[in-house]
Amino acid sequence: MSGAFDDLTVPTLTEQLGEQGYIADRGLATTLLLALKLGKPLLLEGEVGVGKTELARTLAEMLGRDLIRLQCYEGIDTHHALYEWDYARQMLHVRSLSQAELASSDEDLFSERFLVERPLLQAVRAGEQCVLLIDEVDRADDEFEAFLLELLSEFQVTIPEMGTVKASTRPIVILTSNRTRELHDALKRRCLYTWIGFPPHERVVAIVRSRIPDVSTALADQVVSAVNRLREMELEKLPGVAETIDWTTSLEALGAQSLTEEIALDTLGAVVKDRDDLEFTTKSISDVVA
Ligand SMILES: Nc1ncnc2c1ncn2[C@@H]1O[C@H](COP(=O)(O)OP(=O)(O)O)[C@@H](O)[C@H]1O
Ligand SMILES: [Mg+2]
């Protein structure tokens, strides 16, 4: 469709992501490849810290494209996401006009010079193809999700005072969700979808080693095993990939060669981030570091 990704294959895409430090499994690389080839938005769902945001960042870097990021949150609306009128400048302008000029100037106040672009408008109007990351869309409310549909299907947005703006170059759109709530079918229908689970042992070791090149495989392996044991305990907050990386970084910083009970206790705060969990894991440290 777009043509630019015609020659790209799953192995080359995986390799290119790998060169940027991102380890993708076959399923993820395949869905991403299809999203690129078909020019469709990609919806990534999965628990916190499995590399959803990082994939968008890495992709932009890899392709040499700008990353435009919209972080969603409860209550986000079009003024944060799409555009805003520069009220202060409009006021100054109005004050500078005479009565007669003022009478004929309402249209001017809603023109380009008073328009403030927010991420979605920026992405649609970008001269070159960019990567648009709509991050943590599950935090936004239903209304905002519905508003996104026009963008996701037509690659266009509507500004009431100015009309419809259509992208001349379709942005590469990546949406992420931590699945704190179910997204609507209408949104999913417009996207390719993939679920990113917590990766298997070997892949987490590979991720840790790609992020911390100096770490020994033995230490990385030990830390990942310990994290896997933590993930089997009944904790409030399960440690993810980010915590695994943080823990290993802490151990490295302290010059630890291996994960002993003693050093694990000293550094537990890098991986267990809940008071009750910390109390529980401190008591059962011998089960964590086997
Ligand atoms: N597959 C992966 N390859 C490389 N780094 C990863 C991978 N998955 C997670 N990470 C690292 O884990 C951390 C959390 O990733 P992030 O993208 O912020 O998670 P999410 O957006 O899914 O919550 C980042 O430091 C990222 O570099
Ligand atoms: Mg994220």
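This note describes how ligand 1 is held in a predicted model.

1. The position of ligand 1 should be considered at the outset. Ligand 1 sits in the largest pocket. Among the elements of the protein, α3 (52–63), α10 (201–211) and α12 (241–253) are those that give two or more residues to the shell around ligand 1.

2. The relation of the ligand to the domains follows. Domain 1 (10–74 + 126–195) gives residues to the shell around ligand 1, and domain 2 (201–281) does too, so the ligand lies between them.

3. The surroundings of ligand 1 comprise 15 residues, and the closest are I23, G49, K52, T53 and E54. By character, the shell divides into eight nonpolar, four polar and three charged residues.

4. Several polar contacts may be inspected individually. At G49, a backbone N or O atom lies 2.6 Å from an oxygen atom of ligand 1. At G51, a backbone N or O atom is found 3.1 Å from an oxygen atom of the ligand. R211 contributes through its side chain: a polar atom there lies 3.1 Å from a nitrogen atom of ligand 1.

5. How much of the accessible area of ligand 1 does the protein cover? On its own, ligand 1 has 560 Å² of accessible area, and the protein covers 85% of it.

Note on methods
Residues numbered from 1 in each chain as written. Chains lettered and ligands numbered in written order. Predicted model: local features only at pLDDT ≥ 70, side-chain atom pairs only at ≥ 80, totals over all residues. Heavy atoms only, no water. Near = heavy atom within 4 Å. Polar contact = N/O pair within 3.5 Å; in protein donor to acceptor, adjacent residues only side chain to side chain. Areas by Shrake-Rupley, 256 points an atom, 1.4 Å probe, with all protein chains shown as cover. 1 Å grid on protein atoms, 1.4 Å probe; cavity = no way out; pocket = protein on both sides within 12 Å on 5 of 7 lines; lining within 4 Å. Sits in = over half its atoms within 2 Å of the grid points. Helix = DSSP H or I, 4+ residues; strand = E, 2+ residues; numbered from the N terminus. Nonpolar A, V, L, I, M, F, W, Y, C, P; charged D, E, K, R; others polar. Domains from an automatic or database assignment.
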